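Here are some exercises to help you find your way around a new structure. Take a look at the picture first, then try each task before reading its solution.

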Amino acid sequence: MSRRPGLSPALGFGLLAGAGVAVPVLTRDSYYLDVATTLLMNLVLTLSLRFEMSTGQLNMAHISFMGVGAYASVLLVTRAGWSFWASLAVAPLVAALVAVPVGRIALRVSGPYYFLITFAFLEVLRLFFNNFFVDYLGGPSGLAEIPRPHPLPLSGGAIGFTGKLPQYWLMYALFLVAAAVLIRLEYSRFGLVASAIRQRDLLAETLGVDIIRYKLGVFVLGSFFAGLTGVFFAHSHQVLHSSDFGLEPMVLLVVFTVIGGAQSVWGPVVGTLVLAVTSELLRELHHYEILVYGAVLMVVMLVCPEGLVSLPGRLAHALTRRRDAKARAVGARVAP
Amino acid sequence: MLLELRDVGKRFGGLHAVTGLSMTVASRTIHGLIGPNGAGKSTVFNLLTGVLPLSSGEIVFKGARVSGLRPSEICRRGIARTFQATTLFRESTVLENVILAFHLHAATAFVPTLIATATYREKERSARTRARALLASLRLLDVADQRAGNLPHRDQKALCLAMALATGAELVILDEPLAGLTAQESADTMALLRTLRAEGKTILLVEHDMRAVMGLCDVITVLDHGVLIAEGTPRDIQANPAVIEAYLGAEESRA
């Protein structure tokens with residue numbers, strides 16, 4: 001569909017996929033591979049968060065579903081003795097399954113109430129990870145020594161996942177799947193209906209759109225991808241703590257998404273990339289980093305409230321206006 | 001009867017917006033609902049389309065009860081509406097607005113949408129073709145790719161109507177379809193509504209332009225303070241003293 005100006009979906013996806021291949025070609029340094037892997041995780045999280053925001057609501061519990069996926073996978077692998085690969089397929093489904101009742105409750109309300117309900121859920125789940133089933137979830141000291149992804153058996157050998165490079169490729173593959181699905185949906189009928197719900201939910205409803213079902217579907221699918229990221233996170237970091245899924249990382253996801261622009265599917269990509277680079281440049285600042293994020297957020301909201309992706313359009317608009325004004329001024333001088 | 005309201009009531013706290021309203025709308029008619037400001041006309045529309053829940057009574061459409069259903073389900077059964085304030089997806093293009101209104105007939109399941117199966121692509125193509133045809137019939141094809149929010153008022157009104165029609169509804173409920181239009185634009189819209197009736201649609205409308213209502217409607221129902229005070233042909237209504245008293249104002253009845 002050519003319904004949106006700007007980047008075509010295939011081109012955008014191609015650029016992202018190409019950039020992902022370029023990273024290990026440019027560097028094998030384990031530090032930079034780590035940074036790039038984290039970046040890909042954040043991209044899946046912000047793309048799926050923005051996907052949920054496309055119906056007009058901000059889910060503050062998005063990162064909780066990453067936690068559900070992470071803890072579920074650790075339990076499946078270490079307690080039930082599953083292979084990592086089976087868990088990679090099932091644990092995100094657990095996150096999606098948990099999202100069904102949560103979404104059913106939260107989606108009864110909208111706007112600030114939805115924000116508050118999901119925020120409450122974020123805290124409840126973090127406390128659950130921290131205080132309940134301590135034997136299984138590790139309690140306040142967290143979980144450690146989580147096994148790495150098991151070697152993937154292939155004909156004539158197996159791929160191991162102990163090094164940074166194979167881990168990067170694994171996350172890259174997960175990212176490609178998530179990005180393909182979410183970008184494709186954005187440019188399909190699905191995305192059109194989501195934008196209709198965001199603009200005027202009552203009108204969408206009187207035109208026959210079952211908006212509750214729709215929003216729930218979006219919520220569950222977004223949670224699935226958060227859960228998928230969680231599985232990778234658990235087995236690549238090898239340690240889990242409830243605070244990984246608390247308010248601070250959640251706020252960062254929102255900041256990435258909003259700075260890039262929540263209106264466009266490319267917004268979270270731009271926001272996440274820009275802030276990843278910024279945070280590398282400001283590495284010496286350590287935890288003052290969040291102050292910088294705050295400042296960047298304020299400036300972006302003042303200069304272009306629709307996010308960095310709206311900048312080219314705004315500039316073009318301003319230039320045409322200036323040219324028109326100049327033409328008018330010239331015309332006025334020429335006129336008798 | 002296409003539509004039947006049985007003893008319908010709506011209370012907002014202590015305020016009785018609609019009380020004991022029973023009326024019927026016959027198939028293939030243009031039915032006017034009139035009354036002074038605050039008579040409960042818009043409330044009736046909101047009850048009919050499931051936007052507000054009923055306090056009492058029931059609404060039956062094509063022999064089946066529709067009161068208590070969600071707005072999307074009521075639309076599915078064949079009732080579509082426009083809103084009093086022009087209500088559109090303002091950031092979307094005109095064509096997208098109409099495609100969205102075709103949603104019911106063109107929607108595909110999630111997985112076929114995701115992988116763009118042949119069925120999905122075919123449905124998308126057909127929705128676009130039908131949307132373009134509908135826009136052409138309402139003289140909106142030239143602006144099909146503009147943002148709906150940037151259209152002039154007349155075109156926005158026409159687009160609202162196009163969207164209600166795109167749902168394929170048998171009963172189209174129009175809240176002030178002529179408001180803010182010039183005389184010529186009004187005449188065009190009225191001609192269009194008559195054409196729709198001839199094509200088999202049933203139209204229920206609220207309108208303040210009395211000359212238009214009297215010229216256009218087959219049957220008129222008059223509400224005052226949420227109560228039905230008269231019903232009949234335009235001629236009956238014009239001669240009804242209760243209507244003149246309540247609606248046209250006490251001064252006129254004294255005169």
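## Exercise 1: The sheet of chain B

Task: Work out how the strands of the sheet in chain B are ordered, and which of them stand at the edges.

Solution. This is a predicted model. Begin with the order: four strands of chain B make up an open sheet, S2-S1-S4-S5, and their pairing is antiparallel. Next, look at the edges. Strand S2 (15–25) and strand S5 (64–65) of chain B each have a single partner strand, so one side of each is left without a neighbour in the sheet.

Now zoom in on one pair. Strand S1 (residues 3–12) of chain B runs antiparallel to S2(B), and seven bridges join them. Within this pair, Val8(B) has Leu21(B) in S2(B) as its bridge partner. Finally, add the helix: helix H1 (residues 41–48) of chain B packs on the sheet, where it touches S1, S2 and strand S4 (56–61) of chain B. The direction of H1(B) makes about 65° with that of S2(B).

## Exercise 2: The overall form of chain A

Task: Decide how the radius of gyration of chain A compares with what the globule rule gives.

Solution. First, take stock of the elements: chain A has 14 helices and two strands. Then compare the two values. The radius of gyration of chain A is 22 Å and the globule rule gives 20 Å for 336 residues, which is close, so chain A is as compact as a globular protein of that length. To go further, consider burial: 43% of the 336 residues in chain A are buried.

## Exercise 3: A helix inside chain A

Task: Find out whether helix H11 (residues 247–260) of chain A is largely enclosed or not, and what covers its buried residues.

Solution. Start with its length. The 14 residues of H11(A) should span 20 Å at 1.5 Å a residue, and the end C-alpha atoms are 20 Å apart, which agrees. Then count: ten of the 14 residues are buried, so H11(A) is largely enclosed by the rest of the structure. Among the buried residues are Met250(A), Phe256(A) and Gly260(A). The cover over them includes helix H2 (30–53), helix H3 (62–79) and helix H12 (267–281) of chain A. Just after H11(A) comes Gly261(A), with a positive phi of about 125°.

## Exercise 4: Where the chains meet

Task: Describe the side of chain B that touches chain A.

Solution. Count first: 27 residues of chain B are in contact with 23 residues of chain A. Sorted by class, the chain B side has twelve nonpolar, nine polar and six charged residues.

Notes: Residues numbered from 1 in each chain as written. Chains lettered and ligands numbered in written order. Predicted model: local features only at pLDDT ≥ 70, side-chain atom pairs only at ≥ 80, totals over all residues. Contact = placed C-beta atoms within 7 Å. Nonpolar A, V, L, I, M, F, W, Y, C, P; charged D, E, K, R; others polar. Rg over C-alpha atoms; globule rule 2.2 N^0.38 Å. Buried ≥ 20, exposed ≤ 12 C-beta atoms within 10 Å, placed from the backbone. Pairing = 2+ DSSP bridges. Axes fitted to C-alpha atoms, helices over the stretch in contact; angles between N-to-C directions. Expected span 1.5 Å × (residues − 1).
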